[in-house]
Structure formats: structure tokens, C-alpha cells
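Hello,

As promised, I am passing the structure on to you, with some notes to read beside it. Have a look around it before you go through them.

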Amino acid sequence: MSDPFLLPVTPPKPAPPADAADAPSEDSGAWQRQHISALFLGLLRFGRSLFNLIPAVAALGLSGNSRYIPFAIAGYFLLHIGGVLSHWLFTLYRIGPDSLSIRHGLFSRNERHIGFDRVQDISIEQGLLPRLLGVARISIETGAGSGEDVTLFPIKMEKAEALRETLRAYREQARPLAEAQDSADELSSTPSTPPASSDDSRLLFALPPRKLLLSGVFSPSLAVIALLGALIGFADRFEPFGLNIPSERELIAMIEAYVGSNIFQQNSSPRSIALVIAPLLLAIAALSLITGIIRTIFRDWDYRLSREPRTLRRLRGLTTRTDVAITIRRVQSATLVTGLIRQIFGWQELRLRSLASDIGSGEGGGDHQIIPFAQREEIDPILEEIGLLPNWEAVEWQRSHGILALPSFFTLILFAASAASFSIPAANSWGWPLFGAAILLLLIEILTARRHFHGVDGDKILIRSGLFRPSLTILPRRAIQSADISDNFLYRRLGLASLAFGVPGISSHADDRIPAISLSKATALRAAIFHRD
Amino acid sequence: MTAIFPITPDHSAEPPHPTPPEDLTPIEPRYAWVLRASLAINALITTAIIATADALLVPKLGLPQGIATGLIAFFWLLMLLILPSRRVLSIRYHISDDHIRIRRGFLFTVDTIVPFVRVQHLDVSQGVIERSLGLSSLTIHTSGVLNQAVTLPGLETSLAHAMRETIHRHILTDFA
């Protein structure tokens, strides 16, 4: 399998489509307004927008100024008409040979320019009334970060269809065959295309029950603590099925009976408190372990990851079985996530960040778990499958500067100082624990700051970070849309800068930032990323 | 180490960009008026609030009147004198044959590069004051989460349109 991540060969700039001439030729190239029915439709919207006026009307009525109400409505009406009219008058669009421009505004102006080759999605929508008027709403998306990019409403249905046709013709000329196939693939997203041979779908990864159990052990759920707290608070008033759940006071009495002394009194010894706290903590730990295991079993039962011609397909779940397909071409980056204890045993989780239009992703793209729990040797083949496997031995990890711990250092100094001033450690029994907590937090911050690494392998950038939840992001060069080098007065003094990448797709696990590296390294890295384009 | 992606070692790096920050093109100095105007609006509003409080509340407390108003007015005056011109000087750009580079900020600097092939669409916009000065802003939209929209303000309107055209002509290929 050749690397699916190589950039497609640059297609030659296509000539304007030949059939553009017999498309809406009479307007192509000229600035035009949206359909005049905008005024009528805008007028109708007045009824709905009257709701905005309710508070004002109510205020006028209640303050005994009800004679002004008609004037208020009339004034609002005039404002609305003015708005509708100026919106129609000062919104102009132009369809050029290879681009669409939209101009807005009377006082402040905005002119948007969309190249046809950037249009990802075009949709035409027609309500009942617009249908009677023969007009439609056309929405165009380019795949820029922020959803819908252009909406024209109302425009004549024929014009909308002609525009769509122009775009389609342009795309067919411009795009290489592979891309056309790819977009056809996206349309028939569910595997409706019959597999040509049996190895069109092959299993890449499965989670046997023993490993599933182990994975549950490593992901204890803290939800049980919240649940317990809620139950205790609830117990006073709630007797389910006639059962008497003990109230706090009864619970204390029970515990005291169990320990054999009234330990909740003022002068209880630390030993007797430990006698109560220790079993309680143990019980909570056991409970969270068990709920974690149960949750994992329900979620990851019979976990299967298989490779289909253009997608990775993930099946999982005991009661709710989910089926998610991730188009490999749309994968933007891979992230390996592990835990503080999990990493000692080498267990890792693989997540992929994808563009928004994958099927079954529910939350509209972003992050997908691909492998819940596996060793590096099992993950590597899958990374290779999607072309994101780095040559681990060749990567030279470079650490970010320790200055990263500075901001939290200051806040913790403040914290420790306030702890000390509230209760002088030597005098008050709470002083030392507070001081100790501050020192511990500081230590954690320093350790976290020392966990920022980056490395480069071929055209992949690797970013490692995190102490309690260490992650490693593999960012292919082709996913990088833009790069920022940022610094501040302090960094400049130290010759440092941070390098951040703009990557499509929101992910809570991927890390696209290399903080606090030397400025020369940051600029060299960025130059190397972009100058091969 | 693979040679495809050469990373020059620390400090011995050859000039990574054809243009060092000082040689980037500055934006039009008259853009400072746009900043001054928006700053002045903020200044007027806050000064008015403080002055009202000064006139109504301070006498009741038995404190000397006019100090707070004077201070805030002085603060804004200082800001108006210093900030806009410095900010305008700090915004610089460079258009090469395949990317645009925009640098802004003086205390906290952000230096962005967007390759033309990564541009999704472009806006040229003008506020009221910008329009009276014959200036426009160019906004570049990308599909990344960071830098969804990068704005370069303070361009001569004709230049902004020309830049838009240039970038549009360079948009040749798409990756997905």
C-alpha cells in the first residue's frame, strides 16, 4: 500500500469550465443583488421579531405610558423595514469564472471571496413560502474552521441550481480522479459498496476478554465517590422500598459501635481516626475499581478495529453497540495517551483526530478512540496502516525550557505565602499541611513542565507532554494549515519562543504546541515545514 | 536521522526566513487613527462613568473631588499617545511566492505563516473609519482550529484587493 498521506500531485490550474458560458451567462461576472422577494420575506419576519419588543411594550404598559405603545411598534417597524431594505440593497454577489464574491454592508464593508476549488459542500434549501415564490437559500462551505461560510437568501431557484452546476463542472475538471472517487465514497458513507474481495475488510485489532478486564482495572471510575456523597446527603429524607438508609448520625453511631469507642468526640486519638478512615478509603477504592471495570466492559465489549478500503471501522459495546468509520484520508493526527501508572506497564491508548464529516462520530468529528488499551507493538502496525508510524529510534527528543513552570511557580508562592500568613506553620496545626501542599503542587508543576518534548521524524512532528496523563501527538506535515511563533518580553530575553500549529479538527487529547524552545530552532522548524510545499 | 526534514542545530542556524522581522513590510501608519478612534470611544465611556461617580458620590464621602476623573483621563491620554502608534509599528507582513507571514504585538509577539495552499477563503473588509482613510483589512480563513481567521489590518484598499487576487491565484491545490 502506498502512503495515502502524500500530498496529491498538484493538478494544473484548470481553465474556466467550458460550459460556464451556457450557465447563467447573462449575470456571470456582474455584481447582483439577491432576489427582490427578500423585501417581502423580510416583511413577514416582522411578526416574529415583534417578540423582541414584548419587554419594552410591557414596561411602557406597566409604567402607565401605554399611549406610547403604538408609536413604539411603529418605530420598530420602520427600523425593521430599514434593516431589511438596506440588507437587500447592500448585499451583492458576483459569480466569476473561478470564484464567488459576496459584498456586505453600507458603512462598514466586508467582501468575501471564495475560490471554487475550495468549496467543499453546497446545499440548497427551500421552505414552503420561498417555494411558492420560486426562490431558495443556498449555503456554501469551504471547510474553514467556522461552519457555514456563505449563505445567499433568497435567490432564484434556477440561479441556485446553475451555481451548483457551475461548481460541479469546475470540480470535475479540477480534481484528479482519485479525489472524485473519494468524494463519491463519502456520499455513500455506509459500506453500501459491496466489498470486492474478502481482504477488503481485515481485522486490525481486537480486545480479548482478559485484556478487557485488565483495561478496566487501569481505569477506575471516580463517579462512585460522587454517588456516595449524594446518597449520604439524600438518605435523611429518602426511604426506597421501605428500606431505612441510615442517616449521617446513625452512620456515625454504627461506626462508633464497630470501632468500640466514640471516636468522633473531641479528644479522639489519631489511631482511632485512622481505624475508621483506612477501611473507608479501601472501600471507596474497591468500589471505584469495580465500577471502572463494569463501565469498561459495557463500553469496550468485543472491541474490533478493521481496515476497509478507505476507512478504519470500529465496533464496540455490550448493550449499545456503536459502529464508527473514520476515513483515513481525513485523519489529521494521531495521539498516544497513557496514564501515570499505566505507562509503567506500557499500556497505551490510540486516538485519531479527524475532519468533521465522518459517520457515526456523533459529536461532529474531532477525536476518535481507535485502540483503547494496547502495547506499543500492537499500536505500531495500525500507525503504519494510516501512514503515521514514526521511526521511533531515529527521533531525537528535545526538551522544552524549564521556564514553563514559572507562571504556576508565582501562583504557588502566593498560595504558600497566604497559607503561612493565615496560620503560622509552627503555631497552627493546619500551617504545615498547607505549606506542604503548596510545595507538592509546585513539584508537580515543575515535573509537568519538564515533560514537554518534541521530536521530528521525516515529515512528522512528534509532541510529548503531560505528567498524569502523558500524551504523544504525531502530527503529519500535511495536516498543518498554519504556524505561529509566539514569544513575550521574558522569552525574548532568554532567546525562546513557542511554536503552535493550526490543525483542522478539535481534539481534547492532541497537543499542537511546542512551548519554550529556542527561537532559532522554532524558526528553522517552521521553515522546514513550509518550504517544501 | 533522516535528511528529508533537516533541522539545523541550535544557534548555528542559517537565516531561516528570507526576511528578518525588521525587514517585514509595515502597515499604513494612518491605521493608528482607527485604533485611536476605538480607544477614544472606550476612554470617553469610562471617563464619563468615573466623572459621574466623581460628581455624585465623592462629595458625600467627604473626599476631594476630581482626582479620580483626572487620573483616569490622564491614563487614557497616555494610552492614546503611546499605544496606537506602537501597535501599528508592530504589525508587519510579508508576502512571498507561496506564503504570507503576519507578525503582530510588541510585548507578546505572534508571528504567523499561512501557506497559500492552505487558505480556504478570503475577506476584505472596511470599517467606517478605515473607509474614510482609504484602508482595508484582509482576513485569511484556514481550516485549522488555531488561526481560523488571520487578519491583516491597515492596508491600502487597492493593495488589499490586489493581495486577495494574488493569494487567490496561488490557491492551486487542495489536500482533502
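Below is what I found, starting with how far to trust the model.

This is a predicted model, in which local features need pLDDT of at least 70, side-chain atom pairs count only at pLDDT 80 or more, and totals for chains, interfaces and linings use all residues. Residues are numbered from 1 along each chain as its sequence is written, chains are lettered from A and ligands numbered from 1 in the order in which they are written, and side-chain values use heavy atoms, leaving out hydrogens and water.

For the complex, the predictor gives an ipTM of 0.83 and a pTM of 0.79. The average pLDDT of chain B (pLDDT is the predictor's confidence in each residue, from 0 to 100) is 85, and 86% of its residues score at least 70. Residues 1-17 of chain B have a pLDDT below 50, although this stretch has 35 contacts in the model beyond near neighbours in sequence; a contact means heavy atoms within 4.5 Å. Where pLDDT is low, the predicted coordinates should not be read in detail.

Chain B has five helices and seven strands. Helices (H or I, at least four residues) and strands (E, at least two) are DSSP runs, numbered from the N terminus. Among these elements, strand 7 (residues 149-156) of chain B has the highest mean pLDDT, 95, and helix 2 (residues 58-61) of chain B the lowest, 80. Of the 176 residues in chain B, 43% are buried, where buried means under 20% relative accessible area (1.4 Å probe, protein chains only).

Now, which strands form the open sheet? There are seven, in the order 1(A)-2(A)-3(A)-4(A)-5(B)-6(B)-7(B), with antiparallel pairing. Two strands pair if DSSP finds at least two bridges between them. Strand 1 (32-33) of chain A and strand 7 of chain B stand at the edges with a single partner strand each, so one side of each has no neighbour in the sheet. Within chain A, strand 3 (residues 99-104) and strand 4 (residues 109-115) run antiparallel and are joined by six bridges. Ile102(A) has Arg112(A), in strand 4 of chain A, as its bridge partner.

Lastly, try helix 11 (residues 376-385) of chain A, where the buried residues include Ile379(A), Ile382(A) and Leu383(A). The buried residues of this helix pack against strands of chain A, among them strand 8 (202-206) and strand 18 (471-476). Just after helix 11 of chain A, Gly387(A) takes a positive phi of about 75 degrees.

Best wishes

Terms used. Buried < 20%, exposed > 50% of the residue type's maximum accessible area, 1.4 Å probe, protein only.
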